[in-house]
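Biologist: I should like a close look at one part of this protein, followed by an account of how that part is placed among its surroundings. Please write for a student who is meeting such a model for the first time.

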Amino acid sequence: MENVLNANVDLEKYGLKDTKMHYNLSPKELQKIVLEKGMGKETSNGTLAINTGKFTGRSPQDRFLVKDEYTKDKVWWGKTNKPIDPDKFDLLQDEIINYLSGKELYVRDAYVCADPEYKMNVRVITEYPWSNMFIYNMFLRCEESELENFEEEWLVLCAPGYEAKDPAAYGIRQGNFSILNFTKKIALVGGSAYTGEMKKGIFSALNLILPVEKNVLPMHCSANVGELGDTAIFFGLSGTGKTTLSADPDRKLIGDDEHGWTAENTIFNFEGGCYAKVIDLTEEKEPDIYRAIKPGAILENVVFKEGTKEIDFEDSSITQNTRVSYPIYHIDNIQQPSYAKNPKNIFFLTCDAFGVLPPVSKLTPGQAAYHFISGYTAKVAGTEAGITEPVPSFSACFGEPFMPLHPTVYAEMLSKKMEEAGVNVWLINTGWSGGPYGVGSRIRLRHTRAMISAVLEGKLNKVNYEQHPIFGLFMPEFCPGVPSELLDPINTWLQKGAYVSKAIQLAHSFHLNFEKFANQASQQIIEGGPLIDEHHHLGEHV
């Protein structure tokens, strides 16, 4: 069934010839096509499961930004933001247009940015039907009336089946690529069927356009809002609890991954859906995500239990990065439309496998900017035999792979907005206590939830704080629902000397990581780091 509105869409204006076009098909229609073409399977409850092929995650080394008049002096060029010449982009665009011509294509008109003031129309043309269904889930869905005279601001061309034959001739590394052209407002994805490339491509575009052109801070975070209209923001890298902790029965979810913070202190979702990891998923641990897996959702790279239509969520034989994409309305308790005012609390979530950072601490504006630029968590290296030491992991602004500008630009904006809005910033360690990974134990989820509830209910406003001697963070001496001895991490270690040396070791990692930003950071931000460096001795503090 073709959509009657497709008369308004002329693919020839993009150079696409002899195509059969499907326009804004419903998820049900797209799923039917996927199954008919043998491109996916259905689970026992009718959810679509697909395989993204060679790429089961983003390929950061194959991401490029066109370097031209618009971008050359704005972008923080380097290993994250690799340049490509405009003429090489044009050649690749022509290649993709030729490749897609003569094919059956799926066109979707949608938009990003839920706040009407910042709405940006996006047209996505995909080779695969399930890529198009992913965009239905992840971007914001237009009303019929909005489609009649739809004009896109950005165009996404997604051709997973195309591979560049001579990558060097185009200035790219290998046959696959993901490229943004800010002057033409086109995102090209070639050679990879991993759907996250489209999502993160548009997210990266917004991360440059919003701060530079609209004075909006883009954030890689989840957000929710309480009954009194107070908004909370949760930053955190993968595995730190961003999705889990923002799902709160007493608060409405604004979104789970990408938001903007406006000059009017509105927090708005960029997206219309969620893209959650499902490795080891259980209904007990993640009830919202588990229940969102129903017809309309798309499971990626999961494995079926032998001879059944049931998913084995523990099976990581294809990838650890198994995922589900679903429209946000698959979650019950959501804010509609997905924006809210009045940000009151920001949480930086870190899973500190060294067992050093306090489970909850309050940050000064300088510390907030410093920890935001650092974007710290620790990876547990339990995957290789004999390696039990955690590895520190830093990702600037909790989203470095998608940030085209220098991290200090986002950090300065955050500091300014925090001070103007009177927001409190908290560092929450969802990792280890009583010793590092392998010695101590993971902080209990119910304790972490109690700390977050105490913050949101204002119960930590009146308590006494003590300053951490090494990191300078302010630790509450009391928190309802949490054993007091947990609040200062040194108390949970049997050997106090071992704690101090581990804390100094982590403080050094912070200092080393920060060196690459120091020349563009203000004094206030630099002073927000750990209190010790190579020249300080701690004897008198402990």
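At its relative accessibility, does F398 count as buried or as exposed?

Modeller: The model is predicted, and the answer should be read with that in mind. F398 has a relative accessibility of 2% and therefore counts as buried. The reasoning rests on a cut-off, because a residue is called buried when its relative accessible area is under 20%.

The backbone at this place also deserves attention. F398 sits in the loop that runs between strand β24, residues 391-394, and helix α9. Its phi is near 55°, a positive value although the residue is not glycine. Most residues other than glycine have a negative phi, and most peptide bonds are trans.

Two other places can be set beside this one. D280 likewise has a positive phi, near 60°, and is not glycine. This residue is found in the loop between β17 (273-277) and α7 (287-292). D280 has a relative accessibility of 35% and so counts as partly exposed, whereas F398 is buried. The other place concerns the peptide bond itself: Q336 and P337 are joined in the cis form, with omega at about -15°. P337 belongs to the loop between β19 (323-327) and β20 (339-341).

Let us return to the loop of F398, which has helix α9 at one end. What does this helix pack against? Two packed helices are described by the angle between their axes and the distance between the axes. For helix α8 (residues 365-374) and helix α9 (residues 407-421), the axes come within 9 Å and cross at roughly 145°. The crossing of α8 past α9 is right-handed. On the side of α8, the contact is formed by P365, A368, A369, F372 and I373, and on the side of α9 by P407, T408, Y410, A411, L414, S415, M418 and E419. Sorted by character, these residues comprise 10 nonpolar, 2 polar and 1 charged.

Helix α8 has a further partner in helix α11 (residues 496-518), and here the axes come within 10 Å and cross at roughly 90°. The two helices are therefore roughly perpendicular to each other. From α8, the residues in contact are Y370, H371, I373 and S374, and from α11 they are F510, H511, N513, F514 and F517. This contact holds 5 nonpolar residues, 4 polar ones and no charged ones. I373 thus takes part in the contact with α9 and in the contact with α11.

The loop of P337 leads to another region. Y329 is also located in the loop between β19 and β20. With 41% relative accessibility, Y329 counts as partly exposed. Leaving aside residues up to four places away in sequence, Y329 touches Y136, R141 and I334. The C-alpha atoms of Y329 and D94 are separated by 38 Å, and the two residues lie 235 places apart along the chain.

Y136, one of the residues touched by Y329, is among the buried residues of helix α3. This helix is mostly covered, since 10 of its 10 residues are buried. P129 lies in α3, which spans residues 129-138. With a relative accessible area of 1%, P129 is buried. Apart from residues up to four places away in sequence, P129 touches L30, I33, V34, M39 and Y106. Its C-alpha atom is separated by 14 Å from that of L299, although the two residues are 170 places apart along the chain.

Helix α3 in turn packs against helix α5 (residues 196-214) at an angle of about 45°, with the axes 10 Å apart. At this angle α3 is oblique to α5. The crossing of α3 past α5 is right-handed. S131, F134, I135 and M138 of α3 meet G196, M198 and K199 of α5. Among these residues, 4 are nonpolar, 2 are polar and 1 is charged.

A wider view completes the picture. In soluble globular proteins, nonpolar side chains tend to be buried together. The largest nonpolar core of this model has 107 residues, and W261, I346, F348 and F471 have the most contacts inside it. A second, separate core has 34 residues, including F89, L105, Y111 and C142.

Note on methods: Residues numbered from 1 in each chain as written. Predicted model: local features only at pLDDT ≥ 70, side-chain atom pairs only at ≥ 80, totals over all residues. Heavy atoms only, no water. Core = buried A, V, L, I, M, F, W, Y, C linked by side-chain atoms within 4.5 Å. Buried < 20%, exposed > 50% of the residue type's maximum accessible area, 1.4 Å probe, protein only. Axes fitted to C-alpha atoms, helices over the stretch in contact; angles between N-to-C directions. Helix = DSSP H or I, 4+ residues; strand = E, 2+ residues; numbered from the N terminus. Left-handed = near helix turned anticlockwise from the far one by under 90°. Contact = heavy atoms within 4.5 Å. Nonpolar A, V, L, I, M, F, W, Y, C, P; charged D, E, K, R; others polar. Parallel < 35°, antiparallel > 145°, perpendicular 65-115°, else oblique.
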